[in-house]
Amino acid sequence: MKVEVVETTLVPPSEATPRHALWLSNLDLAVPKTHTPLVYYYPRPKPAGDGNGDGEGVGGGAPFFDPARLRDALARALVPFYPLAGRLASGPGGRVEIDCTGEGALFAVARADFAGDEVFRDFEPSPEARRLLVPFAESGEPPCVLAMVQVTFLKCGGVTVGTGMHHVTMDGAGAFQFIRAWTALARGESPPAPAPFHDRTLLRARSPPRVPFEHPVYSPCYLNGAPRPFVTRTYAVGPKLLAGIRSQCAAGASTYCAVTAHLWRAMCVARGLPAGAETRLRVPANVRQRLRPPLPAAYFGNAIVRDLVTATVGDVLSRPLGFVAERIKRAVSRVDDAFVRSVVDYLELESDKGSQAARGQLMPESDLWVVSWLGMPIYDADFGWGRPGLVAPAQMFGSGTAYVTQGPDKDDPINVLFALEPEYLQTFEKAFYAEY
């Protein structure tokens, strides 16, 4: 499969924007200095009587996806989201910051020699998918572009929009906040209110820092796994399976906690971990509404705090699934204002450890990291030609990482995208679906 890039340009904001250095919080600096690759797939509509399939028009009318319209809307979106038009920089003392220069975001247009079904019928995030569909940056270190977009016209007439947004600029909630604004402008509408809030000093460390909790999840000693080949598969959690999982958990267990507990158990079985060994689950929590006072609703940055659930493999496998789900629930629930402030202060005192953890991200084979996209507006990405048929990471970054997500409609099944060593796939699938 090949893709030919036919246009590459820098898109600056359509109006003058503030020029200044934007201070980054410790939560921004504790994430990998890489561009997060996402892909939005838009199957071409098939109106009656239209059989040309060339992607240039729908029903003989206007083209299906107009790059100029997307480019103009991007320029307008970069006015309120102006840090994305800047560059990563080293500030005083070498601390990384955003230099809001207004230089612009990278915008590329490409044509592919393959059809959507060849990639998206059973989509698997991979280095190949990222190479084809998302712009690539040589480095995520300063100085580098912060926002990259590629619009790819497929052989079947479908279109993909691949985005590479530098992780220090935003978390998942921020990424979808930006996409909703960009797509609204492309439709000729006003972006959703309120405007993004850029002041990250709300997450500044206290003076002096105070760390009343332990935060081993940020220690590089728990990210000491060796690089291992892995592949990513999507596992559907249909209504019957979900009902079976939920029936083993307490009534208050969330879908995330229940499905993650089930996934954790299946992973331990697949990898054949000894019963007496420790296994660790990393859980992220969005802290925007957990702080007191809460962060502004439109806070644009990284507002994710991680916690760690540690258990023996024997407990994960032999205790009731509801016990495991409750352990996960307690870990997520304890992330309150005091816990978040403790994390921020810990990272202030242990900045070297935070930086090492951000660089590593390679978990040992005993561990699992599960991100939830449930309830997030990931499919609110209509540029004017309909919502995407699929939204997914273009590439996963290590074995043992997973996303729990759902399709565009509320009745769609839950999906688990899971990266695992290929030798464990068959055993994992059997364990994942065994009881139901």
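A residue is buried when its relative accessible area is under 20%. Keep that cut-off at hand for these exercises on a predicted model.

**Exercise 1. Find out whether Cys-249 and Cys-268 are buried or exposed, and place them in a core.**

Step 1. Start with Cys-249: its relative accessibility is 12%, so this residue counts as buried.

Step 2. Do the same for Cys-268, which counts as buried because its relative accessibility is 1%.

Step 3. Now look for their surroundings. Cys-249 and Cys-268 both belong to a second, separate core of 44 residues, which also includes Ala-253 and Ile-328.

**Exercise 2. Work out how many disulfides the structure holds, and why Cys-249 and Cys-268 form none.**

Step 1. Recall that a disulfide is a covalent bond linking the sulfur atoms of two cysteines. The cut-off to apply is a pair of cysteine sulfur atoms within 2.5 Å.

Step 2. Take Cys-249. The closest cysteine sulfur is in Cys-257, 8.6 Å away, so the two are too far apart for a bond.

Step 3. Take Cys-268. Its closest cysteine sulfur belongs to Cys-249, and at 16 Å that is also too far for a bond.

Step 4. Count for the whole structure: there are zero disulfides.

**Exercise 3. Describe the largest nonpolar core and the place of Phe-65 and Trp-182 in it.**

Step 1. Begin with the size and the best-connected members. This core has 61 residues, and Phe-65, Phe-178 and Trp-182 have the most contacts inside it.

Step 2. Ask which helix gives the most to the core. That is α5 (residues 172–186), with eight residues.

Step 3. Follow Trp-182 outward, leaving aside neighbours within four places in sequence. Its contacts include Leu-70, Ala-73, Leu-74 and Ala-77, as well as Val-149, Val-161, Thr-163 and Phe-383.

Step 4. Turn to Phe-65, in the loop between β3 (35–42) and α2 (67–77). Phe-65 has a relative accessibility of 2% and therefore counts as buried. Look at its backbone too: phi is near 75°, a positive value in a residue other than glycine.

Step 5. Set this beside a general tendency: in soluble globular proteins, nonpolar side chains tend to be buried together.

**Exercise 4. Locate the cis peptide bonds that join Ala-193 to Pro-194 and Arg-292 to Pro-293.**

Step 1. Check omega between Ala-193 and Pro-194: the value is about -5°, and the bond is cis. Pro-194 sits in the loop between α5 and β9 (231–237).

Step 2. Move on to Arg-292 and Pro-293, also joined by a cis peptide bond, with omega about -5°. You will find Pro-293 in the loop between β10 (278–286) and β11 (304–312).

Methods: Residues numbered from 1 in each chain as written. Predicted model: local features only at pLDDT ≥ 70, side-chain atom pairs only at ≥ 80, totals over all residues. Heavy atoms only, no water. Core = buried A, V, L, I, M, F, W, Y, C linked by side-chain atoms within 4.5 Å. Buried < 20%, exposed > 50% of the residue type's maximum accessible area, 1.4 Å probe, protein only. Helix = DSSP H or I, 4+ residues; strand = E, 2+ residues; numbered from the N terminus. Contact = heavy atoms within 4.5 Å.
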